[in-house]
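Dear colleague,

Please find the structure we spoke about below, followed by notes on what came out of it. I have put the definitions beside the terms as they come up.

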Amino acid sequence: MLTPPAGLTIYVATQPVDFRKGADGLALLAKETLGHDPMKGVAVVFRAKRADRVKIVVWDGTGLVMYWKRLDSSGFKWPPIVAGVMRMNAAQLSALLAGMDWTRMHAPRILQPKALA
């Protein structure tokens, strides 16, 4: 099970990609096409044409890591297919990888305190 750190910046490529690409090919695609370099500490999530597969590339400080997962009985809940990327938080990524509807997960809105005491 992949547990992303809470401070990790996560981007989702909303258009399907060629899943024959490996970690280096996806990292290059993320950098040149999407404008987000996995070597700079961001995770980039890619989807296949079929909604049942996901690949994630991220630099962990020692090397480029590629996480690959396929759901057996259903598909992942993906955002609409449009050009560009969208951002998600670690909790939403965990829900996506579990096959849950991550769109129902939202961070609580925390109001700024007016005074300390």
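**A lysine and its surroundings**

The charged end of Lys55 sits over the ring of Phe19, 4.9 Å from its centre, where sitting over a ring requires NZ of Lys or CZ of Arg within 6 Å of the ring centre and within 35 degrees of the ring normal. Before going further, please keep in mind that this is a predicted model, in which local features need pLDDT of at least 70 and side-chain atom pairs count only at pLDDT 80 or more, while totals for chains, interfaces and linings use all residues. Residues are numbered from 1 along each chain as its sequence is written, and side-chain values use heavy atoms, with hydrogens and water left out.

Lys55 belongs to strand S3, residues 53-59; helices (H or I, at least four residues) and strands (E, at least two) are DSSP runs, numbered from the N terminus. What is the nearest side chain of opposite charge to Lys55? It is Asp18, 7.6 Å away, and Lys55, although buried, has no salt bridge. Here buried means under 20% relative accessible area, exposed over 50% and partly exposed in between, with a 1.4 Å probe and protein chains only; Lys and Arg count as positive and Asp and Glu as negative, with His and the chain ends not counted; and a salt bridge is a side-chain nitrogen of Lys or Arg within 4 Å of a carboxyl oxygen of Asp or Glu. The side chain of Lys55 does reach the backbone oxygen of Lys21, at 2.8 Å, as a polar contact (a pair of N or O atoms within 3.5 Å; within protein, one must be able to donate a hydrogen and the other to accept it, and residues adjacent in sequence count only if both atoms are side-chain atoms). Beyond its neighbours within four places in sequence, Lys55 is in contact with residues including Phe19, Lys21, Val45 and Tyr67, contact meaning heavy atoms within 4.5 Å.

**Salt bridges**

By the rule above, the count comes to four salt bridges. In one of them, Arg20 and Asp18 meet at 3.0 Å, N to O; Arg20 counts as exposed at 76% relative accessibility, whereas Asp18 counts as partly exposed at 33%. Asp52 takes part in a salt bridge with Arg50, the closest N and O atoms being 4.0 Å apart, and in another with Arg53, where the closest N and O atoms are 3.5 Å apart. Through these shared partners Arg50, Asp52 and Arg53 are joined into one network. Within it, Arg50 is exposed at 51% relative accessibility, while Asp52 and Arg53 are both buried.

**Helix H2**

Helix H2 (residues 90-97) is largely enclosed by the rest of the structure, because six of its eight residues are buried. Those buried residues are Ala90, Gln92, Leu93, Ala95, Leu96 and Leu97, and they pack against strands S1 (9-13), S2 (42-47), S3, S4 (64-70) and S5 (85-88). At the start of H2, a side-chain oxygen of Asn89 comes to within 3.1 Å of the backbone nitrogen of Ala91, and just after the helix Gly99 takes a positive phi of about 85°.

With kind regards
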